[in-house]
Each structure stands twice: as C-alpha cells, then as structure tokens.
Amino acid sequence: MQRVDLEDPEEQATLANLRAELKRLQQEVRAGQVDTVVIFLSGHGISRDGKYAFATHDLDLKNVPATSLSGAELREALGGKLRAKPVF
C-alpha cells in the first residue's frame, strides 16, 4: 500500500496533480491483479449546463472546463483500464 502525505494538501490538489495521480494509478494496475483502491475526493464541485466538475485548487470560474476535473474525465479514468465500482 502506498500512502501519500502532503505538507499542504489543499495547495497540492491541482488539476495537473490529480490527473498525474490518476494516470499513475492506471499504470500500476496489471491485468489479473485483484486489489481494492479507495479514491476519496473531498472538496467542492461545480455544475454547469447539467455537467459536473470537481473544483480543483486552481479552479478558474472564468474557465471551468480547462481548470476542473470533469465528471466524465473522472469516470473515464476510473472506468477505462480500472474496473471501478462506485460506492454511491
């Protein structure tokens, strides 16, 4: 198990860092591997035009699509190579 400790977790929750960690997780999953991973995102979200996005630390309300993690992107990251099962 890998644990990541951050000195200032809020400032580390940037879009680039979230994408990098999701990619790292995808790369570490091997075919036939049976592990349980819990991804807990705590923060704010934003919904525009019926689409949800996770508000990263570097969110710019004037440019939400380019500065937030969309629900679709998160689903794809978890549902592509990873066999994700939502809890709620």
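Let's start with strands S2 and S3. Two strands, running antiparallel, joined by 2 bridges. S3 covers residues 69-70. One note before going on: this is a predicted model.

Which residues face each other here? Ala53 has Ser70 in S3 as its bridge partner. Phe54 stands opposite Leu69, also in S3.

Now the other neighbour. S1 and S2 run antiparallel too, and 5 bridges join them. S1 spans 44-48, and S2 spans 51-55. At one end, His44 has Ala55 in S2 as its bridge partner. Then look at Arg48: the residue opposite is Lys51 in S2.

What links S1 to S2? The two form a hairpin, with 2 residues between them. Asp49 sits in that turn, and its phi is positive, about 55°.

Put the strands together. You get an open sheet of 3 strands, in the order S1-S2-S3, with antiparallel pairing. Which strands stand at the edges? S1 and S3 do, and each has a single partner strand, so one side of each is left without a neighbour in the sheet. As a general point, side chains in a regular strand alternate between the two faces of the sheet.

Next, the second largest pocket. It holds about 190 Å³ of space. What lines it? From the S1 and S2 stretch come Ile46, Arg48, Lys51, Tyr52 and Ala53, among others in the lining. Further along the chain, the lining includes Val64, Pro65, Ser70, Gly71, Ala72 and Arg75. We have met some of these already. Arg48 and Lys51 are the opposite pair from the hairpin strands. Ala53 and Ser70 are bridge partners.

Which elements supply at least two lining residues each? Strand S1, strand S2, helix H3 at 64-67, and helix H4 at 71-79. By class, the lining has 6 nonpolar, 2 polar and 3 charged residues.

On to salt bridges. How many are there in the whole structure? The search finds 2. Take the one between Glu73 and Arg19: the closest N and O atoms are 2.7 Å apart. Glu73 lies in helix H4 and Arg19 in helix H2, so this pair ties together parts that are 54 residues apart in sequence.

Last stop, the surface. Val37, Ile39 and Leu41 make a nonpolar patch of about 230 Å². Where is Val37? In the loop between helix H2, residues 15-28, and S1.

To recap: a sheet ordered S1-S2-S3, a pocket lined in part by two of those strands, S1 and S2, and by helices H3 and H4, and a salt bridge from Glu73 to Arg19. Thanks.

Note on methods. Residues are numbered from 1 along each chain as its sequence is written. This is a predicted model: local features need pLDDT of at least 70, side-chain atom pairs count only at pLDDT 80 or more; totals for chains, interfaces and linings use all residues. Side-chain values use heavy atoms; hydrogens and water are left out. On a 1 Å grid over the protein atoms alone, a cavity is a set of points where a 1.4 Å probe fits but cannot get out, and a pocket is an open set with protein on both sides within 12 Å along at least five of seven lines; lining residues have an atom within 4 Å of a point. Grid points are joined across faces, edges and corners, and a volume is the space filled by probe spheres set on the points. Helices (H or I, at least four residues) and strands (E, at least two) are DSSP runs, numbered from the N terminus. Ala, Val, Leu, Ile, Met, Phe, Trp, Tyr, Cys and Pro count as nonpolar, Asp, Glu, Lys and Arg as charged, and the others, Gly among them, as polar. Patches are made of residues with over 30% relative accessible area and no salt bridge: like charges are joined within 9 Å, nonpolar side chains (Val, Leu, Ile, Met, Phe, Trp, Tyr) within 5 Å. Accessible areas come from the Shrake-Rupley method with a 1.4 Å probe; for residues, only the protein chains shown count as cover. A salt bridge is a side-chain nitrogen of Lys or Arg within 4 Å of a carboxyl oxygen of Asp or Glu. Two strands pair if DSSP finds at least two bridges between them.
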